[in-house]
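Biologist: I've got the model open and I'd like to go through some of the labels people put on it. Can you walk me through the reasoning?

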Amino acid sequence: MVRALELALKGGRSVAPNPMVGAVLAYEGAVIGEGYHQRYGGPHAEVAALSSVEDRSLIPHSTLYVTLEPCAHFGKTPPCADLIIDSGIKRVVVGCRDPFPQVSGLGIERLINAGISVTEGVMELECRAMNRRFIVAQREKRPYCILKWAQTRDGFIARADLSSRWISSAPSRTLTHLWRSQEMAILVGRTTAAVDDPELTVRHAIGQNPVRIVIDPTLSLPQTLKLFNGATDTIILNTMRESTDGPIRFRRIDPLAWSCQALCSTLFQEGLTSIIVEGGATTLRSFIEAQLWDEARIFISATTFGAGIKAPSIPQKEQEQGQGQEQEQGGHMFTVGADTLITLQHPLLAARLGITTEVLQIPIELGVELLHL
């Protein structure tokens, strides 16, 4: 199962909005086949593993290890449960159940009904943590939300006149671009879009651009902004217009129902299972107040402003339920260039993933070591 997890992680963002899945086929303790879900719409891990076996006569006498319950429905591909049954495999070891309603428990049930011995819950914590985006999205019908911001040592996110542009160091900005490549979408509010004119693409790291999301209720942003340059898919959340213009999609939300919950519901309906919220302060606070966040990643620079726009903050009552704003309160601290990076996890994240807080160890793909900082 360790090897299956290693394989699953290779899928990364390429498989979204599907989960990452790895599979290993073992005969008398030796691996004879392995595979993973490589891209959305492509062959599933079980198909790849079975296809890789050279001596197919060994398959009926082997054990299949798979990180996620085999699917039992026709989606982009046929049901993997049927493939396993037809292969003659007599034993399957499953990391965790699939929370997707059309699969949850049904794949395992189909295998058992076919006379296959099924063992569940092997390295279940690791399997659930790896697919935390998919699990939260399926359980709560919203994208997995990561909040990210940079603040000065004295707690400001911008100068009062909004003249400040960069607070964090160049290595921190490179790391931020790596994070963007790991999520399906990136979101900013109207003021950030208007003042900073960000492109919100992956330019300083290798990877796929996220879908750009802008909150612009009254459609007041000028079309000359970089967000309208067509470089990648962009969604404008507003209260006035529902239309599509090439890569730009305008999605209308009823002004009477406008809320972070409504925004997240709309994005889920667009097929987005994870977003990174990069600002500004008002937008970040609204997600915090609505309890619609799962992780927070905060860069603290050595710079001081003395005055300005206060940075958002995670309420102490939320921190103390988790693992903290440093080691004893909920997160971890890293040195990134001249900055300090603090990561936090929402205290309800364990419940959202269906695992206990005491054993929650989320593998956050921070990528700090990749930058050799």
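Biologist: Why is Arg 110 called partly exposed?

Modeller: Keep in mind that this is a predicted model. Arg 110 has a relative accessible area of 30%, and partly exposed covers what lies between under 20% and over 50%, so the label fits.

Biologist: What makes Asp 82 and Arg 110 a salt bridge?

Modeller: Their closest N and O atoms are 2.9 Å apart, and the cut-off is within 4 Å, so the pair counts. It links distant parts of the chain, with Asp 82 in helix H3 and Arg 110 in helix H4, 28 residues apart. Asp 82 is partly exposed too, at 27%.

Biologist: And Glu 278 with Arg 180, how do you know that those two form a salt bridge?

Modeller: Same kind of check: the closest N and O atoms are 3.0 Å apart, and the limit is 4 Å, so they qualify. Glu 278 sits in strand S13 and Arg 180 in helix H7, so this pair ties together parts that are 98 residues apart in sequence.

Biologist: Why is Arg 180 called buried?

Modeller: Its relative accessibility is 7%, and buried means under 20%, so it passes. Glu 278, at 16%, counts as buried as well.

Biologist: What separates Arg 3 and Glu 6 in helix H1?

Modeller: About one helical turn, because they are 3 residues apart in that helix. They form a salt bridge, with the closest N and O atoms 3.3 Å apart. Arg 3 is partly exposed at 31%, and Glu 6 is partly exposed at 42%.

Biologist: How many salt bridges does the structure hold?

Modeller: It holds 16.

Terms used. Residues are numbered from 1 along each chain as its sequence is written. This is a predicted model: local features need pLDDT of at least 70, side-chain atom pairs count only at pLDDT 80 or more; totals for chains, interfaces and linings use all residues. Side-chain values use heavy atoms; hydrogens and water are left out. A salt bridge is a side-chain nitrogen of Lys or Arg within 4 Å of a carboxyl oxygen of Asp or Glu. Helices (H or I, at least four residues) and strands (E, at least two) are DSSP runs, numbered from the N terminus. Buried means under 20% relative accessible area, exposed over 50%, partly exposed in between (1.4 Å probe, protein chains only).
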